[in-house]
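Me: I have a structure open and would like to understand the words people use for its parts. Could you go through them with me?

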Amino acid sequence: MSAPHVLIAGAGHAGGRVAQALRAAGFTGRVTMVGEESHAPYERPALSKELLLGRKTVGEIMLEPREFWRDEQQVAAVNGRIAAVGADRVARLDSGETIAFDILVVAAGGHARKLTVVGGDLPEVRTLRSIDDCLALRGALAEGRRLLVIGGGVIGMEAASSAAALGMHVTVLETGPRIMARCLPPEGSRWLQALHEERGVRVETGVAVEAIRRADGVLSAQASRAGQALQFDADLVLAAVGITPATAFLAGSGVALDNGVLTDARCRNPAAPWCYAVGDIANSFNPLYGRHVRQETWRNAENQARAVAASIMGSGEAYEEMPWMWTDQHERNIQVVGIYTPGDLVVSRIAPGEQGGVLLWLHEGKVAGGMLVDCGRERKQLEILARRQAEVEPATLSDTAISLKELARA
Ligand SMILES: Cc1cc2nc3c(=O)[nH]c(=O)nc-3n(C[C@H](O)[C@H](O)[C@H](O)COP(=O)(O)OP(=O)(O)OC[C@H]3O[C@@H](n4cnc5c(N)ncnc54)[C@H](O)[C@@H]3O)c2cc1C
């Protein structure tokens, strides 16, 4: 049988890396990569940080120069949107073009969720997922203007930090009781909120936005907290309320979907064995946790791409990624290892406000993760402890006379 034709749906970070990894592993079949953005594959972290601040250029965030995809990688890069995939393994593009394939790698990431409230579709209400979003937002940021960020997750807080650095008056509205609650423990959220407030960012939690109105060029968000009506005025709104996995084109394909594309530990769809998924869209069985985990992180896009390529090449190895992400806010580097589950016991080894802050958490008595502030050098040791689900007494964890390296060796 001749080598299969691989179709990569989505030419973002993970899609680009899959194409590269397949070629690096000696894959001899055809590789076609279809992407709806006009840009070659790129890395997104700088969109809310260096690119937004003008400290990096678009060229600097590309995985490779555009020519690379045509020459070195022998990848047929197609600019377009896949509208549908059939169980007969034919993809149909918006343009009407069809592409028959043997193996599909879904690397379509997610689309920024829009605000569904009245006024959520006003042109001054922006989202931040792509280079185009970032450049448009950057053009509207200016010293003295008021930015209202809706959503206190990672992207919202990073954008708030960048806008404040540019001299803007920034307010963040978060519906939940605390910021970055999906990845930080309450102690971490409290410290981070205080840091933002110190730098002039107003953070309001427990606030539900009900409508956005525009009058005389001024936007106002009508909101409420515990039944009390509130109003926040701004010149610009950033909706940072998460992403929706971009699975619409897979309806009717026979691919099993649930919070993204389901995969087993080899990144393969259980209902359609010709389909793999990678990156933000992949809800993959993770043997470390004994359940499906969907990660929205840079490292997952990198590593899962290699795992998908290996799996296509016949490797039987499971992909067991320990979640890790970083964020830069107000010149502080924050790294989070593992998953925080409400109720985990949080141990403060070094308070986050101190030099080299380390918070660790125990899930049922076992190290499950941690938050590192300006001390990324501790990450490897922390990952060893979390992978091993090390049982360490809280008093030992908080004792700075014992290094994490020693604990990881024990
Ligand atoms: C602003 C921002 C800041 C971030 N900062 C960090 C950070 O500091 N640290 C960290 O760990 N992670 C960060 N991330 C997360 C990280 O960038 C993502 O996890 C990573 O980009 C996921 O890669 P992906 O290839 O799965 O998705 P993407 O990079 O989004 O690529 C998916 C591509 O598929 C395209 N597509 C979708 N549907 C179709 C279709 N039907 N047809 C054709 N093409 C389609 C999309 O347009 C997109 O180009 C950040 C993300 C953003 C948006």
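Me: Why is His330 called buried or exposed, whichever it is?

Reply: Happy to help! His330 has a relative accessible area of 5%. Buried means under 20% relative accessible area, exposed means over 50%, and partly exposed is in between, using a 1.4 Å probe and protein chains only. His330 is therefore buried. A word on the background: this is a predicted model, where local features need pLDDT of at least 70, side-chain atom pairs count only at pLDDT 80 or more, and totals for chains, interfaces and linings use all residues. Residues are numbered from 1 along each chain as its sequence is written, and side-chain values use heavy atoms, with hydrogens and water left out.

Me: Where is His330, and what is it in contact with?

Reply: His330 sits in the loop between S22 and S23. Such names come from DSSP runs numbered from the N terminus: helices are H or I runs of at least four residues, and strands are E runs of at least two. Contact means heavy atoms within 4.5 Å. Apart from neighbours within four places in sequence, His330 is in contact with Ser161, Ala164, Leu195, His196, Arg199 and Val201.

Me: What makes Glu331 buried or exposed?

Reply: Its relative accessibility is 61%, so Glu331 counts as exposed. Glu331 is in the loop between strand S22 (324-329) and strand S23 (332-338). It also has a positive phi of about 60°, although it is not a glycine.

Me: What is phi of Arg89, and how do you know whether Arg89 is buried or exposed?

Reply: Phi of Arg89 is near 65°, a positive value in a residue other than glycine. Arg89 belongs to the loop between strand S4 (82-85) and strand S5 (90-93). With 31% relative accessibility, Arg89 falls in the in-between class, so it counts as partly exposed.

Me: Why is Gln295 given its label, buried or exposed?

Reply: Gln295 has a relative accessible area of 7%, so it is buried. You can find Gln295 in the loop between strand S21 (291-294) and H7.

Me: What makes the link from Gln295 to Glu321 a polar contact?

Reply: A polar contact is a pair of N or O atoms within 3.5 Å; within protein, one must be able to donate a hydrogen and the other to accept it, and residues adjacent in sequence count only if both atoms are side-chain atoms. The side chain of Gln295 reaches the backbone oxygen of Glu321 at 3.4 Å, so the distance is within the limit. Leaving aside neighbours within four places in sequence, the residues in contact with Gln295 include Asp280, Asn300 and Glu321.

Me: Which residues are closest to the ligand?

Reply: The closest are Glu36, Glu37, Arg44, Lys49 and Asp280, and 34 residues surround the ligand. To be near a molecule or strand, a residue needs one heavy atom within 4 Å of it.

Me: How do you know that Glu37, Lys49 and Asp280 have polar atoms by the ligand?

Reply: By the distances! A polar side-chain atom of Glu37 lies 2.6 Å from an oxygen atom of the ligand. For a side-chain N or O atom of Lys49, the distance to a ligand oxygen is 2.7 Å. For a side-chain N or O atom of Asp280, it is 2.6 Å.

Me: What makes Ala390 buried or exposed, and what about Gly365?

Reply: Ala390 has 6% relative accessibility, so it counts as buried. Gly365 has a relative accessible area of 40% and is therefore partly exposed. Ala390 lies in the loop between helix H8 (379-388) and helix H9 (394-398), while Gly365 is in the loop between strand S25 (357-363) and strand S26 (366-373). The C-alpha atoms of Gly365 and Ala390 are separated by 8.4 Å, and these residues are 25 residues apart along the chain. Gly365 touches Ala390, Glu391 and Val392, not counting residues up to four places away in sequence.

Me: Why does Thr57 count as it does, buried, exposed or in between?

Reply: Thr57 has a relative accessible area of 45%, so it is partly exposed. Thr57 is found in the loop between helix H2 (50-53) and helix H3 (66-70).
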